[in-house]
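Look over the sequence and the model below. The report then takes up the backbone, the ligand site, the cores and some single residues.

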Amino acid sequence: MRIGVLGAGNMADALATQWARAGHEVLIGARTPDKAAALAERIGPGATGGGLREAAEFGEAVLLAVRYEGVADALRQAGALDGRVLIDCTNATGPPDFTLKRPAMARWISELVPGARVVKAFNLCHESVWRRTPPPVGVPLCGDDPEAVAVVERLVREMGCEPLHGGGLDRAGLLEASAAFALGVYFGGPRPGDPREMFPPIEIATEGVGPIATESASR
Ligand SMILES: NC(=O)c1ccc[n+]([C@@H]2O[C@H](COP(=O)([O-])OP(=O)(O)OC[C@H]3O[C@@H](n4cnc5c(N)ncnc54)[C@H](OP(=O)(O)O)[C@@H]3O)[C@@H](O)[C@H]2O)c1
């Protein structure tokens, strides 16, 4: 598959490396093409560098990996993304308080580029997790377009991870909030906490709970 990457920072590096290793062609695009070229060189075979528009035009799937403050600007520079699977890994949060500076990023992004098929993914874990082989996590995905979700599921599986069905784009804001909340538990308190301790294992969580009808389960 041809994958364009918008941004040449840590997430671009981690995910593009995985995808190039899996045999995909990756074009890293940045507002400073020299940075994109340097990253492509580090990644090696399968990767090339260029500008944001080049990456957008190149990719059947396009990863949006810029800081939330730069998202609108980067998408404007990238141009139309009609029909592209746009993978949104952004988080509009950060230290010291880890609140959401802009709720529902993915929904907002889908309004900025109405032709793109947006899938929220890879926002829940630090880039160092995505550099592992394989990353030791399930990957929640939210998107409205089943074909686009299937494309991202394939990329997730090729990294050695299992995709987790997170629902449509209206639920992506919950995934973004989950990332902000988890970051606060990890790093925001007087001592690091492990957010995994908040949840019981599935056997305990579902014990004694009958079937719960949901729209997707009844389809
Ligand atoms: N790092 C993580 O562990 C992690 C984990 C999950 C999700 N995320 C999310 O992933 C996204 C990328 O994070 P990152 O860690 O890769 O960030 P990063 O290392 O700081 O890189 C950000 C990239 O965004 C580009 N950029 C910033 N403003 C721009 C603008 N106005 N126009 C075009 N490009 C612009 C930067 O370009 P220049 O180099 O030219 O400045 C850089 O290439 C963020 O939204 C972050 O919240 C990060």
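Where is the place of phenylalanine 98? Phenylalanine 98 sits in the loop between strand 5 and helix 5. Keep in mind that this is a predicted model.

## Unusual backbone in one loop

Phenylalanine 98 is not a glycine, yet its phi is positive, about 55 degrees. Alanine 104 is another non-glycine residue with a positive phi, in this case about 60 degrees. Alanine 104 also lies in the loop between strand 5 and helix 5. For context, most residues other than glycine have a negative phi, and most peptide bonds are trans.

How do these residues stand with respect to solvent? Phenylalanine 98 has a relative accessible area of 12%, so it counts as buried. Alanine 104 has 32%, so it is partly exposed.

The loop between strand 5 and helix 5 (105-112) also holds proline 96. The peptide bond from proline 95 to proline 96 is cis, with omega near 5 degrees.

## Threonine 90

Threonine 90 is found in the loop between strand 5 and helix 5 as well. Is threonine 90 buried or exposed? Its relative accessibility is 3%, under the 20% limit, so threonine 90 is buried.

The side chain of threonine 90 makes a polar contact with the side chain of aspartate 88, at 2.6 Å. Beyond its neighbours within four places in sequence, threonine 90 is in contact with Leu64, Val66, Val71, Met105, Ile109, Lys120 and Asn123.

## The ligand site

How many residues surround the ligand? There are 25, and the closest are Met11, Lys35, Val66, Arg67 and Glu127. By class, this shell has ten nonpolar, ten polar and five charged residues. Helix 1 (10-21) and helix 4 (71-78) each supply at least two residues of the shell. Helix 4 gives the largest share, three residues.

Three short distances involve ligand oxygen atoms. A backbone N or O atom of glutamate 127 lies 2.7 Å from an oxygen atom of the ligand. A backbone N or O atom of alanine 8 lies 2.8 Å from a ligand oxygen. For arginine 31, an N or O atom of the side chain is 2.8 Å from an oxygen atom of the ligand. On its own, the ligand has 900 Å² of accessible area, and the protein covers 83% of it.

## Nonpolar cores

The largest nonpolar core has 36 residues. Which of them touch the most other members? They are Trp19, Ile28, Ile87, Phe122 and Val152. Several elements each supply at least two residues of this core. Among the helices are helix 1, helix 2 (33-43) and helix 7 (146-158). The strands are strand 1 (2-6), strand 2 (25-29), strand 4 (61-64), strand 5 (85-88) and strand 7 (139-143). Helix 1 gives the most to this core, seven residues.

Take valine 152 as an example. Not counting residues up to four places away in sequence, valine 152 touches Val85, Ile87, Val119, Ala121, Phe122 and Leu141. Apart from the largest core lies another, of 25 residues. Its members include Leu75, Ala92, Met105 and Val113.

## The loop between helix 6 and strand 7

A second cis bond runs from threonine 133 to proline 134, with omega near -15 degrees. Proline 134 is found in the loop between helix 6 and strand 7.

Arginine 132 lies in the loop between helix 6 (127-130) and strand 7 too. Why does arginine 132 count as exposed? Its relative accessible area is 52%, and exposed means over 50%, so arginine 132 qualifies. Arginine 132 and threonine 32 are 100 residues apart in sequence. In space, their C-alpha atoms are 27 Å apart.

## An exposed phenylalanine

Phenylalanine 199 is in the loop between helix 8 (172-188) and helix 9 (202-206). Its relative accessibility is 60%, so phenylalanine 199 counts as exposed. Phenylalanine 122, by contrast, belongs to the largest nonpolar core. The two phenylalanines, 199 and 122, are 77 residues apart in sequence and 20 Å apart in space, C-alpha to C-alpha.

Key: Residues numbered from 1 in each chain as written. Predicted model: local features only at pLDDT ≥ 70, side-chain atom pairs only at ≥ 80, totals over all residues. Heavy atoms only, no water. Near = heavy atom within 4 Å. Polar contact = N/O pair within 3.5 Å; in protein donor to acceptor, adjacent residues only side chain to side chain. Areas by Shrake-Rupley, 256 points an atom, 1.4 Å probe, with all protein chains shown as cover. Helix = DSSP H or I, 4+ residues; strand = E, 2+ residues; numbered from the N terminus. Nonpolar A, V, L, I, M, F, W, Y, C, P; charged D, E, K, R; others polar. Core = buried A, V, L, I, M, F, W, Y, C linked by side-chain atoms within 4.5 Å. Buried < 20%, exposed > 50% of the residue type's maximum accessible area, 1.4 Å probe, protein only. Contact = heavy atoms within 4.5 Å.
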